[in-house]
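Please look through the sequence and the model below before reading on. The report that follows takes up a few parts of the structure in turn, each under a short heading.

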Amino acid sequence: MIAYASRTGNVRYIVSRLQLPAFEIEENRSFTDPYLLFTYTDGIGEVPSKVKRFLEQNGNYCRGVIVSGNSNFGHQVFGAAGDAIAAELQIPLIRKVDMRGFSDDYTAIQDFYEQCFGKERVG
Ligand SMILES: Cc1cc2nc3c(=O)[nH]c(=O)nc-3n(C[C@H](O)[C@H](O)[C@H](O)COP(=O)(O)O)c2cc1C
């Protein structure tokens with residue numbers, strides 16, 4: 001399963017292309033199975049607050065993080081939400097995607113997903 005957060009639609013678009021089981025993070029949804037997290041980057045290299053709250057509740061089950069950012073923000077903070085989450089939870093940063101990314105990003109995410117959970121496609 002992929003748990004994702006998307007504000008302006010880039011992450012949502014990528015998730016829709018991946019054909020993998022996914023749900024959008026909502027307040028107070030708790031999760032008791034392993035999942036991969038896919039988030040955008042907010043502020044100046046920050047983890048979106050709804051993602052922070054979700055991880056406070058469900059961080060234990062997170063097996064890896066994918067992040068979307070905008071490389072125009074500069075190398076220091078590009079996709080930095082992903083670096084912060086990977087360091088905090090000590091999980092792999094699977095991929096840093098620039099905006100909606102490219103097909104090699106999608107393949108890398110799908111490959112990691114398969115390593116974690118086996119072949120499981122929807123749609
Ligand atoms: C207010 C704001 C702050 C942002 N800060 C960063 C940032 O520090 N680093 C970065 O890489 N991208 C930053 N971004 C870009 C978004 O993370 C990027 O566009 C991402 O693809 C958005 O995903 P979404 O469309 O699923 O919400 C920011 C975007 C906004 C609107």
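## A polar contact at Asn10

In this predicted model, the side chains of Asn10 and Arg100 are joined by a polar contact of 3.1 Å. Asn10 belongs to helix H1, and leaving aside residues up to four places away in sequence, Asn10 touches Ser68, Met99 and Arg100. With a relative accessible area of 17%, Asn10 counts as buried, because the cut-off for that word is under 20%.

## The surroundings of the ligand

Asn10 appears again in the surroundings of the ligand, where 20 residues are found and where Ser6, Arg7, Thr8, Asn10 and Gly45 come nearest. Which atom of Ser6 lies 2.6 Å from an oxygen atom of the ligand? It is a polar atom of the Ser6 side chain, whereas in Gly9 a backbone N or O atom lies 2.9 Å from a ligand oxygen. Val11 also takes part through its backbone, with a polar atom there placed 2.8 Å from an oxygen atom of the ligand. On its own the ligand has 640 Å² of accessible area, and the protein covers 83% of it.

## Strand S3 and its neighbours

Strand S3 is largely enclosed by the rest of the structure, because six of its six residues are buried. The burial concerns both faces of S3, with Tyr35, Leu37 and Thr39 buried on one side and Leu36, Phe38 and Tyr40 buried on the other. This arrangement can be read alongside a general pattern, namely that in a regular strand the side chains alternate between the two faces of the sheet.

Which strands pair with S3, and in what sense? S1 pairs with S3 in the parallel sense over three bridges, and S4 also pairs with S3 in the parallel sense, over six bridges. On the S1 side, Ile2 has Leu36 of S3 as its bridge partner. Towards S4, the bridge partner of Tyr35 is Cys62, and that of Thr39 is Val67. Strand S4 is itself largely enclosed by the rest of the structure, since seven of its eight residues are buried.

## Thr39, a buried residue of S3

Thr39 lies in strand S3, and its relative accessible area is 0%, so Thr39 is buried. Which residues does Thr39 touch, when those up to four places away in sequence are not counted? They are Ala5, Val11, Pro48, Val51, Val65, Ile66, Val67, Ser68, Ala81 and Ile85. Among these contacts is Val67, which is also the bridge partner of Thr39 in S4.

## The largest nonpolar core

The largest nonpolar core of the model has 35 residues, and those with the most contacts inside it are Ile2, Tyr35, Leu37, Phe38, Val51 and Ile85. Two or more residues of this core are given by each of strand S1, helix H1, strand S3, helix H2, strand S4, helix H3, strand S5 and helix H4. The largest share, five residues, comes from S3. In general terms, nonpolar side chains tend to be buried together in soluble globular proteins.

Ile2 shows what such contacts look like for a single residue: apart from residues up to four places away in sequence, Ile2 touches Leu18, Leu20, Pro21, Ala22, Phe23, Leu36, Phe38 and Tyr113.

## Helix H4 beside strand S5

Ala108 is found in helix H4, and its contacts, again without residues up to four places away in sequence, are with Ile94 and Arg95. Although Ala108 and Ile94 are 14 residues apart in sequence, their C-alpha atoms are 7.8 Å apart in space.

## Two loop residues with positive phi

Most residues other than glycine have a negative phi. Gln19 is not a glycine, yet it has a positive phi of about 55°, and its place is in the loop between H1 and strand S2. Met99 likewise has a positive phi of about 55° without being a glycine, and it sits in the loop between S5 and H4.

Are these two residues buried, partly exposed or exposed? Gln19 is partly exposed, with a relative accessible area of 38%, and Met99 also counts as partly exposed, at 36% relative accessibility. Met99 has already been met in this report, as one of the residues that Asn10 touches.

How values were computed: Residues are numbered from 1 along each chain as its sequence is written. This is a predicted model: local features need pLDDT of at least 70, side-chain atom pairs count only at pLDDT 80 or more; totals for chains, interfaces and linings use all residues. Side-chain values use heavy atoms; hydrogens and water are left out. A nonpolar core is a set of buried Ala, Val, Leu, Ile, Met, Phe, Trp, Tyr and Cys residues joined through side-chain atoms within 4.5 Å. Buried means under 20% relative accessible area, exposed over 50%, partly exposed in between (1.4 Å probe, protein chains only). Helices (H or I, at least four residues) and strands (E, at least two) are DSSP runs, numbered from the N terminus. Contact means heavy atoms within 4.5 Å. A residue is near a molecule or strand if one of its heavy atoms lies within 4 Å of it. A polar contact is a pair of N or O atoms within 3.5 Å; within protein, one must be able to donate a hydrogen and the other to accept it, and residues adjacent in sequence count only if both atoms are side-chain atoms. Accessible areas come from the Shrake-Rupley method with a 1.4 Å probe; for residues, only the protein chains shown count as cover. Two strands pair if DSSP finds at least two bridges between them.
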